[in-house]
Structure formats: C-alpha cells, structure tokens
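Me: Could we go through this one together, contact by contact? Drop it in and I'll start asking.

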Amino acid sequence: MIVPRPIGPRVVRAAILAAASVLLLAYVLAPVAWLLSSSLQTEREIVSIPPHWIPDHPTAQNFRAIFATGLGLAQPSPNGADPASGGFIPSVAGNLLPAMGNSFIVATAVVILNLLIGVPAAYAIAKIRFRGRGVALYAILATRVIPDIALVVPFFLVVRKLGLLDNLASLIITYLAITVPFSVFVLASFFEQMPDDLDRAARVDGCSRLQVLLRVFLPLARPALVAISLFAFLASWNEFLLALMFTQTAASQTLPIIVAGITSDFTVSFSFLNAAGVLAVLPPVALAVIFERYIVSGLTAGAVKG
Amino acid sequence: MARIRFQSVTKRYANGATAVAGLDLDIADQEFLVLLGPSGCGKSTTLNMIAGLEEISEGVLLFDDQIVNNVPAHKRDVAMVFQSYALYPHMTVFENIAFGLRMRRVGEADLRMRVMQAADKLEITHLLERRPSQLSGGQRQRVALGRAMVREPAVFLMDEPLSNLDASLRISMRAQIRHLHTQMRSTFVYVTHDQAEALTLADRIVVMKDGTIQQIGTPDEIYESPTNVFVASFLGSPTINLLEGALERENGAACFKRGTLTIPLPALQGGARNIVLGLRPEDVGTPGDGPQLHGVVDTAMPSGADQFLGVLVDDAMLFLRVGKDVRVRAGEAISFGLNPERLHVFDRETGRSLRGAA
Amino acid sequence: MAIRAVSHDERSAFGLLAGLVAVLMAVTAFPILYSLWISLFAVNLRRPLRMPFVGLDNYIAVLSSPAFWESAGRTALFSAMAVAAVLVIATLVAVLLDQEFPGRRVLSACLLIPWAIPSVANGLMWKWIYDANYGALNGLLLQLGFINSAMIWLGDANRTLPLIANAFIWKEVPLAAILLLVTLKSIPSDLYAAAAVDGAPAFRRFVAITLPALRPGFLLVALYEAMMAIRHFDLFFLLTEGGPGGASDVVAWRIYVETFRNLSFGTGAAMSYILALATLLMSYALIRSMAEKL
C-alpha cells in the first residue's frame, strides 16, 4: 500500500525510515550477532571486561571440537583439565551431533506424518460437505487453546506405560498434537481459496476424491505444502518441554535438551555454550530466511481464519 | 446415449434450505434441453445432480433405465463445461483436454488423435502447449469445450458457459454450440439465466423458479403460451407489459377493464375476476378493425432496426416496439391495433394463465 | 429407493479424515480426558501402588494454596507485560514494514530470525547476555556509562520477571508484526488518500484510520500472545528455574515442579486443568471485550 504524502519533504521521510530500519535491524540481529561472536571467541577472550564485541582472533575450535567428538575423531578432555587452557573439550561435546541427528529424524518424521495426515483432512474440510464438518473445524480450533503443559502429565503416563520413554517415537507421536491441527488449518484455508469448480471439473473428468487431491490440488498447493512442512519441521526442531519429559539418555535426546543441559552445566565454557547455541539456531534460521515468502503467507493463511 | 429422468427429486441442503422440490423431468436422448431461470431457482443444482456433483435427497434419477442416485461423478459418462471454465492451471492446454481421457485410461495414440481432432475443430491447435493463464477468455472457453468434447460423453452438461464472454463472442459461440450438438449426438443439458440464449439453443426449455418447474416446452411454446406471469415476464426483451385490471362480462363477452381502458377478450371462459393482461412489446400493429389502444407518447427511443416507445395508456406506462417509419414525438397521441389472440391473460391471484387449458 | 444414511461424499470425507481423527483422539482428546481422570486421584509416583480417589480434593488443595495464587499473580503480571510490549513493538514494526522503501524485503526476512530460533537457544542467548559477570548487558551499559558497576540481573528478584519477559517479547514480536501487517495491508488506500486530501497530518491519519482498522489484528495478536505467555515454560526453566527465591515461580513452572519433582501427578493435572480453563475464560473475555469495541 502506498501512503500518499502530499505534505512533508521526502528527505525527512527517508531519514525516519532509515533510522527505524536500522533500529529494528539492531533489535533483531544484535542478540544473535553476540551469540555468534561469543561462539567464535576463545575462553580467555570471552571473559574479558568490557566484552570484545568482535573477536580479536576468531576461532572455530568449538565447532571443530563438536564435529570431531561427534564423529568419534576426538575424545573430550579428561576430568580436571583446565577449561581456560585452550583446546579443552567438554564431555558433552560429543552429544551434540547425535542430538542434532535425533532432532532431524524427529522433525522429518513429523513433517512426513503431517503431510500424510494433514493434506487429505484439509481437502475434505475445504471441499466436501459432510455432516460433522463444523465439529471438525471447532475441534481443530479448540486444540490451539489447550496449553501444551496441560498435556504433559497424561502424555508422560501413557508414554511410560507403552514403554516409549527415551524413545524417539514418543516425541514423533506427541509432536503431532502440536503440529497437525495447525497444518490442517493452513492447508484447508489454502484449499478453500481454490475454486470449487476445479474440484468439480476434475470429478466430472473421472477423478475420485483422492485422485482430485493428488492430481489437481496437490500440484497447485506447493506453496502451502512448503509452508506447513516448514512449520512442522521448525516446531519439532525447537520443541523443548515434551522432549525434556520423555527423553533420558543421549540415545533419544534432541538438540534442545542437550543444549539446555550445557546451559546449566557450570563446567562448560561460555564460548562453547554459545557454539552449541549457534548449532541449534543455524538450521531453523537458515530455513526461515530462505523460505521467508512461504512462511509469511502460511502464517497469514493460518491467522486469517484463526 | 442417454435418456435422463428425474422422478420427484428433491434436494435439501444441510442448513434446511430446499434447492429443488419434487422435480419431475424426462430428458430425451440427444435432446438439447435448456434449464432457464433466475439465480437461485435450482437450475444449477439440477445440473449438478445429473453430473453427480450434488447428492439427491429424495426421489430417483435415472440414466436410461439405471438408477444413478449413488453413482459418483467420476463413474458417470458425463462431461461438463463450467462458467468459470475451471481449467487446470498447472497443465498445458493439451493436458487439460487430455485429462479426462487419461483418467479413463485411453491409449496414448488414440488420446493424441482425439485431442488433436478436437483442437482442430475448435481452432486452438496453436495453443496446445500454452497454459490457461496465457489464454484470453474466449480461448479458455474453447479449451473448456474441447475438454468436454473429447470425452464423447453420453451427457453433455453446460453451466452458463457463455456468461463470462463479451456480447459478440457470445453470439458466435451459440452457433458453435448448436453445431456441436448436431455432431456429437449426446444429450445436452444447458443452464442459463439468459432467455435469448435459451430461445436460440434449446429443443425444449425448462423454466424454473424457487426450485420448481414453471413450464416445460419448445421455445415457441414457452414464448407464445407462457403458463404464468413469471414465465411470461422472464422471456422476451424488453419484458412483457403487464396491466392489472378486471375481467368483466358485457353481454356475455369477456373483456378486460382498467379505468377508461376496455379490451375485448372474446375467446376467454370463466367468470369475473381480477386479472393481469400481458402484452408483448412487439404485439401491436397499426389501428385496424380489432380492439385499439390509445395513449400518449412519453418517450421514443430508436434502436437500430426499429424503435421503442414508452406510451402512457390510462395511468400505465407501456413499452412497445414499432417500426422506424412511425414518426412520433413525446407528448403526441398515438393509437395501436391489438390482436386479441396474442394477448396473454393471467389470474391475478394465482398468476396462472387463463388461456385455454394451459 | 431409500436414501443411504451415509452418502458417497461422506464416505470419502471420513476416509480422508481418518488420520486426523485418529491423531486428535489419541494425542488430544484422550490425554485431556485422562488428565481430568488423574486429577481426581491422589497419584504420586513415590507411592505407585496406592491411588485413592479423592474427588475434587486436588483442586481444592491447589486453589486454597496461597503459593498457587502467588504463582498465578506472577503469570498474570508476566503475561500482561509481555502482551502489552509485544502489541506496541509489533505495531511499530508493522507500520514500518507497511511502507515502501529499499531494503524492506531484507528487513522482513531478518525479522523472521527470532521467530525461528528454538526457545532453548533463545534462553541460552539471553542468559549469556544477562550474565552478571561477563554478560553483554553489563558490558554495554558500563561502556556507555549508564551504570558504574556490574549489576546482577536475573539474580535480582525485582528484575527477573521483566527480563524474562524481554526475552519472550523479542521472540514473539515477529509473528505479531506479520499478523498486524496483514491487517494493515487490508486497509483500503483510498481511506488514506481521502484523509490526506482533507489535510489530515500523518499522525492524525495514524490515529484516525490506522489504529481503528488494526483492532481485529490487535484482538488476534493479544489473544494468541496471551495464550503463549500464560503457558510459557521454557524460559523459566532455562533462565531462573523459578528463582531467585520464587520470583519467577509462575504457574507453568509450578506444574512442572509439582509433577516431575514432587511426582504428585494428581495435583499437577489439577493445576494443568485450572490453567487450561483459565486460558479458555481469558480468551472468551478478551474476545467479548474487544468485539464490543469493534
């Protein structure tokens, strides 16, 4: 939208916009930049006062340590070694890569299940008139009001009873509760925008409902599919509370759990801590920035109806 | 080939609204039937029930002798052209036309041949590799026709297919659709709200209103002998003039009375009552032996071939069509001759025609 | 010809919906009912064999505990601060991004960064920024001369909640701004043109046209952010663990402690239920009060 501005010189407007942009950029980026800067400093440099905003001698030693131990090429430093000595590798370093792998497995599985479950359901809700359609919509909306923390107790008891504690399956299944309703919502509002006649034309042309979905709607829904895949992936990658409850060992712990553990571990150096943070931040941020367009349109679609 | 029969078919929506009530309709094989009516009259619902896109709440729908109530759309031998064209945006024109054949597992060679033939007939061969978004409205319309044509369906359905075209294209497409019908030997069911389209295309017209059939007949029957006020006023452009008045008997002969106006209606049976007299704009002639109409010209509007006059008769404004040679100006008195045979008479309470048995 | 009870369309619909129904049943409806059931028993994992039915005792215990009400007060305070700040900042951001200027696209892409960051990384990042010894906040304020000596930030009971709220706000502003931007874009531009022709200065136009038009967006954002804030757990776990001295002991944290540290599942479930109902009531009240003003 272009706001007509007959009054006020353009220069003032440009200056205000530039100042506001810089301010916003600083607000958004400064904390992350500091996280990154800290991750590239040595333990000696990071405890300097005042802080070195830009590292004097940027080093990737933390990341090297994470990858080396994660791949079994190096061992953590022995107990009692001095973290400030340089080349110190905390004992949890080796857990980060496997945890990343766990996060990736969980997030990918959740995305696939979201697509398998969400796409048909969204199509049915958007294009088929059936008894109980209103109920289905309300049920989906209602799930958004339920705090995830209210689900923790029953989830825990069931997961324990099923013997799925410390098993990635428990995360994959429970993450469906926090992702599927939103996916259905976004997709259904996308499908609703597509003309009903397209659906009718395909059916007259010889498609069953499932074929209409697969041959006509799916190819057209690519932006929405990208959006919900990203949402499901990010939500699973970032989830903390449920993972905290259900996972107990490095076998099933996801990245947020290992990172949280490092955060409260006083033996881990500050720079290593920040390197772990960067590792957790990098994949979701890269996805978000690359697919910004899809995410914004997806969020918008989900919101307009919500 | 298919004969389509509706037997007391009712369509109710989940919200309780009745779209079509107690529909009885027998569409002959290879007939060109037009469903005509204002929006919301149930004509599209009727078409969708034939297609299998809407379920039937009550009654029976038969294709030939087979009940098809529960046959889903994709298993009926039906093709359809939509007002919005509904072309698949992600497919080329070729693939759009071929889609229905692919779904029916037609072999590649046969498929190619049929698509090319259809494209050739519709003169869209040069567009086959384009996407729908790169086509004009008229071109899209042809692709939509082609998509239905290649299927060589038993039943060919069209839902306001010409409504989105501009006026001149619409006229030429009418001829093309009529031509298509003679070639295809399918049963055509065509939905429109445009009475001119219905009159040009149809073997028979079904006029609908509020989910019920008002009249079924050939275009001539519908135009010449409307069974009620609604049908009379829905067809014809400009619309029929309707005069409210009373049917009275003078010396045993029926006549229409309204203020100073008296028009004899010799053939009419029945006693005195309130009636509505219908006079089509073109049904006036030069004053002759028969009954006459006297009025004052209010406006004169030349319209190409002829002219329209707004004439104040008694206290009613009539809209009449006369030849260009009639030279009148606003404010002048004018007289017309009427042919009592061509006057339409309706009961004012029921709206039904009082002509003959109809 | 009888009409079938379930139509062809409905059969297809139910088939397509089967997965969703299964998911909603298994991971939403069932847990909710199960937790209602649990909340009526004295379930304690320390005494797994005894599980006496206690009716509403868990609820009565929770609601009559002054500590719970103090937590509820902190949750309310935290949520109020967070929602208010998010609304203000997001409005400014949305108005900025509604303008056409070079670099706008880059800016809106960067805006998604806080939204995408895992809450754990967000907690780690702010914990490091707030660090009393080497943190960036102390460093910056000392360099700029705003303070003379390093402060203990999270360790100060009076500052804990606002500082946690700040971390929460930073992460929530992007989504809120995007939602408000959508509302802004839907304002017809001739409204502004008409006001400009009438000679209304920019600020008047903002107050007279933009703010009222944003109301539905405000409602949506306030509702969503309030729900997020009320249930928020991650930052409390990562930054302070309810401390110092209970200064950040909010309801969500209390549920966690009650359930997983005291292993008292009955009261934990009861508290969860109270929180869920409170969220529902709050949503309803917010919708009612905002809808009336529309």
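What follows is a short back-and-forth on helix packing, chain interfaces and salt bridges in this predicted model.

Me: Are H2(B) and H4(B) roughly parallel or roughly antiparallel to each other?
Reply: H2 spans residues 93-103 of chain B and H4 spans residues 137-149 of chain B, and their axes come within 7 Å. They cross at roughly 30°, and angles under 35 degrees count as roughly parallel. So the call for H2(B) and H4(B) is roughly parallel.

Me: And what is the handedness of the crossing of H2(B) and H4(B)?
Reply: We already have the angle, roughly 30°. As for the hand, the crossing of H2(B) and H4(B) is right-handed.

Me: Which residues in H4(B) do Val93(B), Asn96(B) and Ile97(B) meet, and how many residues of that contact are nonpolar?
Reply: On the H4(B) side, the partners are Val143(B), Gly146(B) and Arg147(B). By class, the contact of H2(B) with H4(B) has two polar residues and one charged residue, and the nonpolar ones number three.

Me: Arg147(B) has just come up in that helix contact, so which residue of chain A does Arg147(B) form a salt bridge with?
Reply: The rule finds two salt bridges across the interface of chain B and chain A. In the one formed by Arg147(B), the closest N and O atoms are 3.9 Å apart, and the cut-off is 4 Å. The partner is Asp205(A).

Me: How much area is buried between chain B and chain A?
Reply: Chain B puts 24 residues into the contact and chain A puts in 16. Carbon and sulfur atoms give 62% of the buried area. The total is about 1,700 Å².

Me: What about chain C and chain A: which three residues of chain C supply more of the buried area than any other three?
Reply: Here 97 residues of chain C are in contact with 98 residues of chain A. They bury about 8,400 Å², with 77% from carbon and sulfur atoms. The top three supply 9% of the area that chain C buries against chain A, and they are Leu16(C), Leu124(C) and Trp128(C).

Me: Which residues form the salt bridge between chain C and chain A?
Reply: The count between these two chains is one. Its closest N and O atoms are 3.2 Å apart, and the pair is Arg105(C) with Glu292(A).

Me: How many residues apart in sequence are the parts that Glu244(B) and Arg348(B) tie together?
Reply: Over all chains the count comes to 32 salt bridges, and one of them joins the side chains of Glu244(B) and Arg348(B) at 3.7 Å, N to O. Glu244(B) lies in strand S11 and Arg348(B) in the segment after strand S20, so the parts tied together are 104 residues apart.

Key: Residues are numbered from 1 along each chain as its sequence is written. Chains are lettered from A and ligands numbered from 1 in the order in which they are written. This is a predicted model: local features need pLDDT of at least 70, side-chain atom pairs count only at pLDDT 80 or more; totals for chains, interfaces and linings use all residues. Side-chain values use heavy atoms; hydrogens and water are left out. Axes are lines fitted to C-alpha atoms, for helices over the stretch in contact, and angles run from 0 to 180 degrees between N-to-C directions. Helices (H or I, at least four residues) and strands (E, at least two) are DSSP runs, numbered from the N terminus. Angles under 35 degrees count as roughly parallel, over 145 as roughly antiparallel, 65 to 115 as roughly perpendicular and the rest as oblique. A crossing is left-handed if the near helix is turned anticlockwise from the far one by less than a right angle, and right-handed if clockwise. Contact means heavy atoms within 4.5 Å. Ala, Val, Leu, Ile, Met, Phe, Trp, Tyr, Cys and Pro count as nonpolar, Asp, Glu, Lys and Arg as charged, and the others, Gly among them, as polar. Buried area is the accessible area (1.4 Å probe) that two parts lose on being put together, summed over both.
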